[in-house]
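Colleague: I'm new to reading protein models. Could you walk me through a few features?

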Amino acid sequence: MPRWPGALAALLMAGLCLGTLAPLLGRAGGGGLGPADWAALRFTLVQAALSAGASVVLAVPVARALARRRFPGRSALVTLLGAPFILPVIVAVLGLLAVFGRGGLLNDGLRALGWPPVSIYGLQGVVLAHVFLNLPLATRLILQGWLDIPAERFRLAATLNAPVWAVLERPMLRQVVPGAVAAIFALCLTSFSVALILGGGPAATTVELAIYQAIRFEADFAGAAQLALLQYALCGGAALLAVALTRGPVLGAGLGRAVERWDAGGLGARVADALWIGAAALFLLLPLGLIVLRGIGGLDDLPGEAWGATGRSLLVALGATALSVGLALALALRGGALAQVAGALPLAASSLVLGTGLLLVLRPFVGLGAVALPVTALADALMALPFALRSLAPALAEVEARHGRLAESLGIVGVARLGIVVLPLLRPALGFAGGLAAALSMGNLGVIALFAGQGQGTLPLLMAQLMGAYRMEAAAGVGLVILLLALGLFWAFDRGGRLDAAAR
């Protein structure tokens with residue numbers, strides 16, 4: 001199959017992800033970091049470490065309970081654990097405010113009891129939001145570690161009356177947990193939406209939020225460039241650490257038998273597992289339910305600009321999807337170390353850092369408002385590309401393993417092979433990758449906040465502005481629209497990829 005599109009895609013990725021360093025280096029001031037910059041750096045590292053640690057610590061008992069219990073609705077609950085990953089971050093924050101905010105359920109209950117209310121703003125709010133967004137991911141990663149333990153190992157442990165925790169589960173966790181912590185730590189470094197709404201102030205400002213403030217409020221492009229370089233170094237180091245700590249299975253292969261557990265414990269263990277699963281489900285479902293309920297009530301209060309913002313959000317999401325899936329497919333067809341490195345480059349540069357570099361390049365030549373939507377779509381596509389590539393590359397390898405020799409024996413090569421063999425069989429993976437890219441783009445608040453002028457914002461930016469003006473009912477209505485569009489786009493792309501897949 002043609003490999004040159006993958007080489008071009010890799011060059012484009014390098015130009016965008018590494019080329020933006022040139023304007024940043026050119027505009028960065030030489031005065032070093034000020035006290036406020038050091039405070040932002042400390043807060044960024046502290047909140048990311050606390051968020052990653054809390055997510056993984058809480059995920060271990062939840063994953064263990066799911067691994068050793070079977071109950072009605074278990075598969076649906078495990079599927080639900082993936083929902084917060086595609087849930088727009090700003091909508092998730094609104095749901096948390098409905099539960100933990102000043103007028104949320106928790107503080108209403110505390111006031112009824114005569115106790116002082118708690119505040120969700122600051123470090124505790126940022127960590128809470130990150131745990132909400134990343135606890136499901138940590139649970140899925142650790143649960144996969146449990147599922148990778150061969151059934152024969154459990155049978156052997158039962159035969160020898162050996163403690164399963166000591167001989168199987170604890171060694172598995174030593175391999176899985178470091179990589180999970182590093183991956184979530186890297187994700188928590190890019191927390192612009194969370195910090196914008198729940199952080200702020202000198203004591204709770206992340207590096208990304210400091211970049212935004214330097215550009216939008218101070219017009220300090222030299223300071224913004226210097227902070228963007230710092231953020232690039234943080235994300236790049238975290239991405240390398242996550243890759244270094246991610247290890248393969250260490251307990252060997254099995255025969256694929258269903259796992260039977262003889263160590264499920266008595267009534268106390270069953271009650272404890274039920275409590276962990278119930279608490280995790282409540283923590284995830286309650287904010288989502290309140291988003292829907294309050295959003296329905298806020299639909300009547302939608303501002304007039306919501307419809308224009310909806311159209312712009314759809315244009316950005318569809319453009320980002322087409323670009324992300326196209327680049328990921330080209331890299332997957334190219335394969336090899338070049339494709340892997342190019343696909344990992346966006347992990348080292350957050351969308352806000354890319355936007356800052358592009359802003360410095362384009363600002364002397366064009367009005368920023370004129371390129372707000374294309375640049376936002378480009379940045380969203382790059383941020384979704386690593387996940388799209390992770391979906392397409394294994395599926396393409398399976399297609400080649402099953403049908404490559406037959407296609408070659410029939411003389412089906414080049415573009416014909418791509419159209420006749422690869423793309424039809426790759427439809428489910430393409431649909432999933434497209435749905436993921438569209439959902440992530442629909443709820444992303446980042447680059448658009450730097451470029452958009454009056455009347456040029458997308459739905460996430462409009463929602464943030466409404467929340468800043470304390471129009472929470474209208475913000476809830478916009479949040480419901482974002483949620484429905486994100487989930488609808490994901491379903492449409494994923495479903496479209498799977499139509500007639502069984503017949504193929």
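Modeller: Sure, we'll go through a helix, two loop residues and a cavity. Keep in mind that this is a predicted model.

Colleague: Let's start with the helix. Which residues of helix 9 are buried?

Modeller: To read burial, look at relative accessible area: under 20% counts as buried. In helix 9, which spans residues 151-159, Ala 151, Phe 154 and Ala 157 are buried. Those three cover an arc of only 125° around the axis, so they sit on the same side of helix 9.

Colleague: And what covers the buried residues of helix 9?

Modeller: The cover includes helix 10, residues 164-189. While you're there, look at what follows helix 9: Asn 161, with a positive phi near 55°.

Colleague: Now a loop. Where does Thr 206 lie?

Modeller: Find the loop between helix 11 (192-198) and helix 12 (207-216), and you'll see Thr 206 in it.

Colleague: Does being in a loop tell me about burial? Is Thr 206 buried or exposed?

Modeller: Go by the accessibility again, with the cut-off for buried at under 20%. Thr 206 has a relative accessibility of 1%, so this residue counts as buried. Leaving aside residues up to four places away in sequence, Thr 206 touches Ala 40, Phe 43, Thr 44, Gln 47, Ser 191 and Ala 195. Also, a polar atom of the Thr 206 side chain is 3.3 Å from the backbone nitrogen of Leu 209.

Colleague: Let's try another loop residue. What about Tyr 470: buried or exposed?

Modeller: Here the cut-off that matters is the one for exposed, over 50%. Tyr 470 has 67% relative accessibility, so Tyr 470 counts as exposed. You'll find Tyr 470 in the loop between helix 22 (459-468) and helix 23 (472-498). Check the backbone too: Tyr 470 has phi near 60°, which is positive although the residue is not glycine.

Colleague: On to cavities. How many of 30 Å³ or more does the structure hold?

Modeller: A cavity is a space where a probe fits but cannot get out. There are three of 30 Å³ or more here, and the largest has a volume of about 50 Å³.

Colleague: Which helix gives the most to the lining of the largest cavity?

Modeller: That's helix 15, with three residues. Helix 15 (305-334), helix 18 (372-409) and helix 20 (427-442) each supply at least two lining residues.

Colleague: What classes of residue line the largest cavity?

Modeller: Five are nonpolar, five polar and one charged. Among the lining residues are Val 316, Thr 376, Asp 380 and Met 442.

Definitions and conventions
Residues are numbered from 1 along each chain as its sequence is written. This is a predicted model: local features need pLDDT of at least 70, side-chain atom pairs count only at pLDDT 80 or more; totals for chains, interfaces and linings use all residues. Side-chain values use heavy atoms; hydrogens and water are left out. Buried means under 20% relative accessible area, exposed over 50%, partly exposed in between (1.4 Å probe, protein chains only). Helices (H or I, at least four residues) and strands (E, at least two) are DSSP runs, numbered from the N terminus. The arc is that of the directions from the helix axis to the C-beta atoms. Contact means heavy atoms within 4.5 Å. A polar contact is a pair of N or O atoms within 3.5 Å; within protein, one must be able to donate a hydrogen and the other to accept it, and residues adjacent in sequence count only if both atoms are side-chain atoms. On a 1 Å grid over the protein atoms alone, a cavity is a set of points where a 1.4 Å probe fits but cannot get out, and a pocket is an open set with protein on both sides within 12 Å along at least five of seven lines; lining residues have an atom within 4 Å of a point. Grid points are joined across faces, edges and corners, and a volume is the space filled by probe spheres set on the points. Ala, Val, Leu, Ile, Met, Phe, Trp, Tyr, Cys and Pro count as nonpolar, Asp, Glu, Lys and Arg as charged, and the others, Gly among them, as polar.
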